[in-house]
Amino acid sequence: HESPSEADRVRKCTVQFFLVDGTAMVIEHREENSGIPQGTFVKRHRIPKPSGDPYDWTDLVVGGEITIYGRTLRIVDCDAF
């Protein structure tokens with residue numbers, strides 16, 4: 001679990017956005033013997049921004065950050081679509 005003395009922790013996740021219905025899900029890559037819970041971080045649904053509006057595909061910009069339920073994710077790469 002997370003330590004209160006840590007300022008940041010790098011955890012590799014995949015954000016999958018579904019254009020057909022505007023839903024998204026976040027999956028954390030599993031690492032053996034890490035000692036922290038991993039797997040599905042956010043199940044597929046319309047994820048709200050801190051403002052309350054749902055995220056849209058235009059919010060997902062390489063080099064940008066998104067905040068999901070109090071956790072900030074930095075987007076470092078994406079596949080072509």
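A nonpolar core is a set of buried Ala, Val, Leu, Ile, Met, Phe, Trp, Tyr and Cys residues joined through side-chain atoms within 4.5 Å. The exercises below use that term on a predicted model.

**Exercise 1. The fold in outline**

Task: Give the secondary structure of the chain and its order along the sequence.

Solution:
- Step 1. Count the elements. The chain has 0 helices and 5 strands.
- Step 2. Read along the sequence. The pattern is β-β-β-β-β.
- Step 3. Add the contacts. Take those with a separation of 6 or more; 25% of them join residues 24 or more positions apart.

**Exercise 2. Surface and interior**

Task: State what share of the residues is buried, and what the chain exposes.

Solution:
- Step 1. The chain has 81 residues, and 21% of them are buried.
- Step 2. The exposed area is about 6400 Å².
- Step 3. Carbon and sulfur atoms supply 51% of that area.

**Exercise 3. The largest nonpolar core**

Task: List the residues of the largest nonpolar core and find which strands each supply at least two of them.

Solution:
- Step 1. The core has 10 residues. They are Phe17, Ala24, Val26, Val42, Ile47, Tyr55, Ile66, Ile68, Leu73 and Ile75.
- Step 2. Strands β2 and β4 each contribute at least two residues to this core.
- Step 3. Look at the surroundings of Ile66. Leaving out residues up to four places away in sequence, Ile66 touches Tyr55, Asp59, Leu60, Arg71, Thr72, Leu73 and Ile75.

**Exercise 4. Ile68**

Task: Is Ile68 buried or exposed, and which residues does it touch?

Solution:
- Step 1. Place the residue. Ile68 sits in strand β4.
- Step 2. Apply the cut-off. Buried means under 20% relative accessible area. Ile68 has 2% relative accessibility, so it counts as buried.
- Step 3. List the contacts, again without residues up to four places away in sequence. Ile68 touches Val26, Phe41, Val42, Ile47, Tyr55 and Leu73.
- Step 4. Take one of these partners, Val26. Ile68 and Val26 are 42 residues apart in sequence, and their C-alpha atoms are 9.5 Å apart.

**Exercise 5. Salt bridges**

Task: How many salt bridges does the whole structure hold? Give the residues and N-to-O distance of each pair.

Solution:
- Step 1. Recall the principle. Side chains of opposite charge can pair when their charged atoms come close.
- Step 2. Count. The search finds 3 salt bridges.
- Step 3. Take Arg44 and Asp21. Their closest N and O atoms are 3.2 Å apart. This pair links distant parts of the chain, 23 residues apart. Arg44 belongs to strand β3 (residues 39-45), and Asp21 to the loop between β1 (13-18) and β2 (23-28).
- Step 4. Take Asp59 and Lys49. Their side chains meet at 3.3 Å, N to O. Both residues lie in the loop between β3 and β4 (65-68), so the bridge ties together parts 10 residues apart in sequence.
- Step 5. Take Arg74 and Glu65. The closest N and O atoms are 2.9 Å apart.

**Exercise 6. Exposure of the paired residues**

Task: Classify each salt-bridge residue as buried, partly exposed or exposed.

Solution:
- Step 1. Set the limits. Exposed means over 50% relative accessible area, buried under 20%, and partly exposed in between.
- Step 2. Arg44, at 41%, is partly exposed. Asp21, at 36%, is partly exposed.
- Step 3. Asp59 has 24% and is partly exposed. Lys49 has 26% and is partly exposed.
- Step 4. Arg74 reaches 59%, so Arg74 counts as exposed. Glu65, at 48%, is partly exposed.

Note on methods
Residues are numbered from 1 along each chain as its sequence is written. This is a predicted model: local features need pLDDT of at least 70, side-chain atom pairs count only at pLDDT 80 or more; totals for chains, interfaces and linings use all residues. Side-chain values use heavy atoms; hydrogens and water are left out. A salt bridge is a side-chain nitrogen of Lys or Arg within 4 Å of a carboxyl oxygen of Asp or Glu. Helices (H or I, at least four residues) and strands (E, at least two) are DSSP runs, numbered from the N terminus. Buried means under 20% relative accessible area, exposed over 50%, partly exposed in between (1.4 Å probe, protein chains only). Contact means heavy atoms within 4.5 Å. Accessible areas come from the Shrake-Rupley method with a 1.4 Å probe; for residues, only the protein chains shown count as cover.
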